Amino acid sequence: MRNHTQISEPPQYYDKEGDDIVSKREWLLCPVCGCKTRDRIRADTELKNFPLFCPKCKHETLINVSKLNITLITEPAAIGAEP
Ligand SMILES: [Zn+2]
């Protein structure tokens with residue numbers, strides 16, 4: 001009876017994989033043109049009223065980020081209509 005169990009992965013790879021869950025990063029996409037911006041978020045990033053600037057279309061968009069969920073903020077009060 002032969003038992004051929006070959007594990008080709010070195011133990012260090014497991015460490016790397018475990019870390020990857022926390023250090024997972026995603027590029028923020030511009031809500032206007034859909035291009036990648038220069039900002040990245042992590043799985044545990046929390047942003048509130050973050051001014052996301054797009055280098056492609058030069059638009060600035062306010063967003064909230066929570067657990068990789070990006071919410072676009074439309075703020076009519078920001079236009080500055082003060083009586
Ligand atoms: Zn854009």
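These notebook entries record what I looked up in the structure.

**Entry 1: overall layout**

I noted at the outset that the model is predicted. I counted the secondary structure and found one helix and five strands. Reading along the sequence, I obtained the pattern α-β-β-β-β-β. I then looked up burial for the protein and found that buried residues make up 6% of its 83 residues. For contacts with a separation of 6 or more, I recorded that 22% come from residues 24 or more positions apart.

**Entry 2: the hairpin of β1 and β2**

I turned to strand β1, residues 25–29, and strand β2, residues 36–42. The two strands run antiparallel and are joined by four bridges. I looked for the residue opposite W27 and found R40 in β2. Between the strands of this hairpin I noted six residues. In the hairpin, G34 takes a positive phi near 80 degrees.

**Entry 3: the open sheet**

I next examined the sheet of three strands, which is open and has the order β3-β4-β5. Its pairing is antiparallel. I recorded β3 and β5 as the edge strands, since each pairs on one side only. Ignoring direction, neighbouring strands of this sheet are turned by 30 degrees against each other on average. For the pairing of β4 with β5, I found four bridges and an antiparallel course. I asked which residue in β5 is the bridge partner of I63. The partner is L72. As a general reminder, I wrote down that strands of a sheet pair through backbone hydrogen bonds, either parallel or antiparallel.

**Entry 4: L62**

I located L62 in strand β4, residues 60–66. Is L62 buried or partly exposed? L62 counts as partly exposed because it has 17 C-beta neighbours inside 10 Å, whereas a buried residue needs 20 or more. I then listed its contacts, leaving aside neighbours within four places in sequence. L62 is in contact with N49, F50, P51, I73 and E75. I also looked up the separation between the C-alpha atoms of L62 and K48, which is 8.6 Å. These two residues are 14 residues apart along the chain.

**Entry 5: two positive phi values outside glycine**

I looked up N49, one of the contacts of L62, and placed it in strand β3, residues 46–53. N49 is not a glycine, yet its phi is positive, at about 50 degrees. I classed N49 as exposed because 9 other C-beta atoms lie within 10 Å, and the exposed class covers 12 or fewer.

I then checked L68, which lies in the loop between β4 and β5. L68 also is not a glycine and has a positive phi, of about 65 degrees. With 13 other C-beta atoms within 10 Å, L68 is therefore partly exposed.

**Entry 6: the nonpolar core and C30**

I asked which residues make up the largest nonpolar core. The core consists of five residues in all, namely L28, C30, I41, L52 and C54. I followed up on C30, a member of this core, and listed the residues it touches. Not counting residues up to four places away in sequence, C30 touches C35, T37, C54, K56, C57 and H59. I noted that C54 appears in this contact list and is itself a member of the core.

Notes. Residues are numbered from 1 along each chain as its sequence is written. This is a predicted model: local features need pLDDT of at least 70, side-chain atom pairs count only at pLDDT 80 or more; totals for chains, interfaces and linings use all residues. Two residues are in contact if their C-beta atoms, placed from the backbone, lie within 7 Å. Two strands pair if DSSP finds at least two bridges between them. Axes are lines fitted to C-alpha atoms, for helices over the stretch in contact, and angles run from 0 to 180 degrees between N-to-C directions. A nonpolar core is a set of buried Ala, Val, Leu, Ile, Met, Phe, Trp, Tyr and Cys residues joined through C-beta atoms within 7 Å.
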